[in-house]
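Student: I have a structure open in front of me, and I would like to test the words people use to describe it. Could we go through them together?

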Amino acid sequence: MPASGIKPWLIAIDTGGTFTDCLGISPEGVFHSCKILSSARLRGIGTEVSGTEITLQQFWNAPDDFPVGFELRTLRGVTWGTVTSFDAKRSLVKIDRPIPTSTNFPVDLELISPWEAPTLGVHLLTGTPSGSALPPVILRLGTTKGTNALLERKGSPPTLYITKGFGDLLRIGNQARPDLFALEIHQPEPLTGKVVEVEERLTAEGKVLQPLNADSIPPGDSDAPVAIALLHADINPLHELELESALLAKGTLSISRSSKVAPFVRLLDRARTTVINAYLSPLLNQYVGRVLNEVDPKQFLMMTSTGGLMRHDHFLPKDGLLSGPAGGVVGTLKEATKTGYTNAIGFDMGGTSTDVCRISNGVLPNRSEHQVGDALLLAPALEIHTVAAGGGSICRVIAGRLFVGPESAGSLPGPACYGAGGPLTITDVNLLLGRILPDSFEIPIRVESAEAALQKELKHLNDQSSKMLSREELLEGFLQLANQTMANAIRRISIQQGYDPRNFALISFGGAGGQHACALAEELGMGTVIIPELASLLSAQGILQAAEQELVTQQVYRTLGELELEHLFQNLEANGYARFEERGITGSAVRCVERWLEIRLKGQHESLRVDYHSTDSVPSQFHELYVKRYGYEPPNRGLEVTIVSALLSVQSTQDLSPQRIQSQTEKLVGPLLWEGLQTVVWIPENWMGQVNQNGQLILSHQPKGDTP
């Protein structure tokens, strides 16, 4: 609680590629929510004009003078002026210059805020106008800012300092072939700018073989971040620390050191992870800095890829590349627990991408490394698989063939129906098939713009193909392509890992999930679909419900028989408790919630995660997991432990579940559209359902002939 003694707002925000989802609890305990464009722009429809005043039909709830200082422009990019006042009751906006008299009304307009999307969300939730100080706020933030910058290569190429002789390491890579049968391999270019080879050397045991002469090291470019990755620094960080100190003295401001970022064996992956962290640091530091201009730094927590919260000043870019999706995984577990399901698959379809996860026996799956695009990171994360299929995925006809994605229309210009000149997308397809209600959006929706974009693609197809398709056939074709991409993503985290999706419930959320959930479940043989009450905001809800965590790990690379595991875990946990004590969190508020090992056969590359209960139980657990993963008995080669991990968490007694909004209904029988809070669900034929006491819509597949 702030020093003033005033109870703060508790706000959780998930910034995606298209929309930013915001959920807050007021000091009085009342839930508030809003969904805004990640471009931090508010949209409305201008209906009447008089001089410098315009009546605006708008979909956001804001107090008087909220957008003062915002720029008002048309969706086609024509600036009209700056807002000088706003009458909320009459929805009347006044700007600093006359509105063009040649304008045809109604006209789609947008108000461009000076803030980042999370700050705009906080102002909307708390009803705080521009220019006024925010009330006390505890902010929990998940964002895809770093993820999108990495995928789109919009970071800052760092200078890499690496041991002499290894300057080409990132370019050479591990020689893995992304496509086994491709005759021409196109390897992605390294993210680095300049590479500096450093004369120094440690032995494999960490002893100094050749000292580092820090004074001879040339400084990096003044504005470029720096990544340091020296051989065997995971064993002894001495030379990396000396080099970091020397570069700081020479004026380098942003340094990522591998012995801090990824203190593990394998120089290639350690260097890659450190370079990624350095590449994203300037962008994320600026982004977080702009948000910090409005909130108390001591009350600002970042969501991490492991599904926990971390103080922003301890947060590294490599920790949060899956922070938004991780919120969805936490939300999935909470929703599954409410319904009594221990096995569930989370399906999060947003505007730009779809994220899927699997919960088995009530456990969130963790891994010690993960991949984002073509980048492999030595950083812990929940096991989440992402595909480029979302509501904003662009639908095109090229040379007579149909394509959906991977490109997205994003929030600007957005789908064609947003009215800003965007292309045909899956959102438009669902709209034109009658599976979306235009009034369910918080921005103006133009059906005619979606239809025009569809007719353009239909003409392309019928001009390029001998077979003529109807409007409805083309729409269904695009829909089936998107569904197959998402179904394959679910197969990857279920069937390909030895789990039958028919034994799982599908928990569907995200703004677009409800339009596709039943079709995907049918494709995969899944009989139950669960739509959470706050389906459109579940990632933000998961961030709201997440705990502040510390993950402590140690690499060991020793055989199972050589280790005193209980003693090792006790030491790890002591380090975790000490980290919480540094932040003033002590006593019974913290406990260790998970212990696990990364373990493999001696001589094998891949490790499997085994939950630790006792040393005696490890071999049998490994055997069971090995057979499930690979389909045959493991050879008798002995077991080697690679990494030992413990997860400590702050235990909260506060109930952060939203109040019931939806009431129970009579049994729903498809085909029909069902509208919830900021979400629409398409219930096809042979599906039926009911809203339970938790506000969840539970849908069940009924074989043909069994539907009442």
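Tutor: Happily; we will take a few descriptive terms and set each against its cut-off, keeping in mind that this is a predicted model.

Student: Let's begin with burial. Why is Leu301 called buried?

Tutor: The relative accessible area of Leu301 is 9%, and buried means under 20%, so Leu301 is buried. You will find Leu301 in strand β17, residues 300-303.

Student: What does Leu301 touch, leaving out residues up to four places away in sequence?

Tutor: Its contacts are Leu139, Arg140, Leu141, Leu309, Met310, Arg311 and Glu548. Ile495, on the other hand, is 194 residues from Leu301 along the chain, and their C-alpha atoms are separated by 36 Å.

Student: And Ser113, is that buried or exposed?

Tutor: Ser113 has 9% relative accessibility; with the limit for buried at under 20%, Ser113 therefore counts as buried. Ser113 lies in the loop between β9 (107-112) and α1 (117-126). Beyond its neighbours within four places in sequence, Ser113 is in contact with Ala40, Phe70 and Leu120.

Student: What makes the approach of Ser113 to Ala40 a polar contact?

Tutor: A polar atom of the Ser113 side chain lies 3.0 Å from the backbone oxygen of Ala40, and the cut-off for a pair of N or O atoms is within 3.5 Å. The Ser113 side chain also reaches the backbone nitrogen of Trp115, at 3.3 Å, which can be set against that cut-off of within 3.5 Å.

Student: Now helices. Why are α9 and α10 described as roughly perpendicular?

Tutor: The axes of α9 (residues 447-464) and α10 (residues 471-493) cross at roughly 95° and come within 10 Å. Roughly perpendicular covers 65 to 115 degrees, so α9 is roughly perpendicular to α10. On the α9 side the contact is made by Glu451, Leu454, Gln455, Glu457, Leu458 and Leu461, and on the α10 side by Arg471, Leu474 and Leu475. By class, these residues divide into 5 nonpolar, 1 polar and 3 charged.

Student: How do you know that α7 and α12 earn the label too?

Tutor: Helix α7 (residues 323-339) packs against α12 (residues 538-545) at an angle of about 85°, with the axes 7 Å apart. With the range set at 65 to 115 degrees, α7 is therefore roughly perpendicular to α12. Among the residues that meet are Gly324, Gly327, Gly328 and Gly331 in α7, and Ser539, Gln541 and Gly542 in α12. The contact has 3 nonpolar, 9 polar and 3 charged residues, where Gly counts as polar.

Student: Finally, the sheet. What makes β30 and β32 edge strands?

Tutor: The open sheet has 4 strands in the order β30-β33-β31-β32, paired antiparallel. Strands β30 (549-559) and β32 (608-611) each have a single partner strand, so one side of each is left without a neighbour in the sheet. The twist averages 25° from one strand to the next.

Student: How do you know that β31 and β33 pair?

Tutor: Pairing needs at least two bridges, and β31 (residues 590-601) and β33 (residues 639-650) pair in the antiparallel sense over 11 bridges. Arg600 stands opposite Glu640 in β33.

Student: Which helices pack on the sheet?

Tutor: Helix α13 (residues 565-582) touches β30, β31 and β33, with its direction at about 35° to that of β33. Helix α14 (residues 618-630) touches β31, β32 and β33, and its direction makes about 140° with that of β32.

Conventions: Residues are numbered from 1 along each chain as its sequence is written. This is a predicted model: local features need pLDDT of at least 70, side-chain atom pairs count only at pLDDT 80 or more; totals for chains, interfaces and linings use all residues. Side-chain values use heavy atoms; hydrogens and water are left out. Helices (H or I, at least four residues) and strands (E, at least two) are DSSP runs, numbered from the N terminus. Axes are lines fitted to C-alpha atoms, for helices over the stretch in contact, and angles run from 0 to 180 degrees between N-to-C directions. Contact means heavy atoms within 4.5 Å. Buried means under 20% relative accessible area, exposed over 50%, partly exposed in between (1.4 Å probe, protein chains only). A polar contact is a pair of N or O atoms within 3.5 Å; within protein, one must be able to donate a hydrogen and the other to accept it, and residues adjacent in sequence count only if both atoms are side-chain atoms. Angles under 35 degrees count as roughly parallel, over 145 as roughly antiparallel, 65 to 115 as roughly perpendicular and the rest as oblique.
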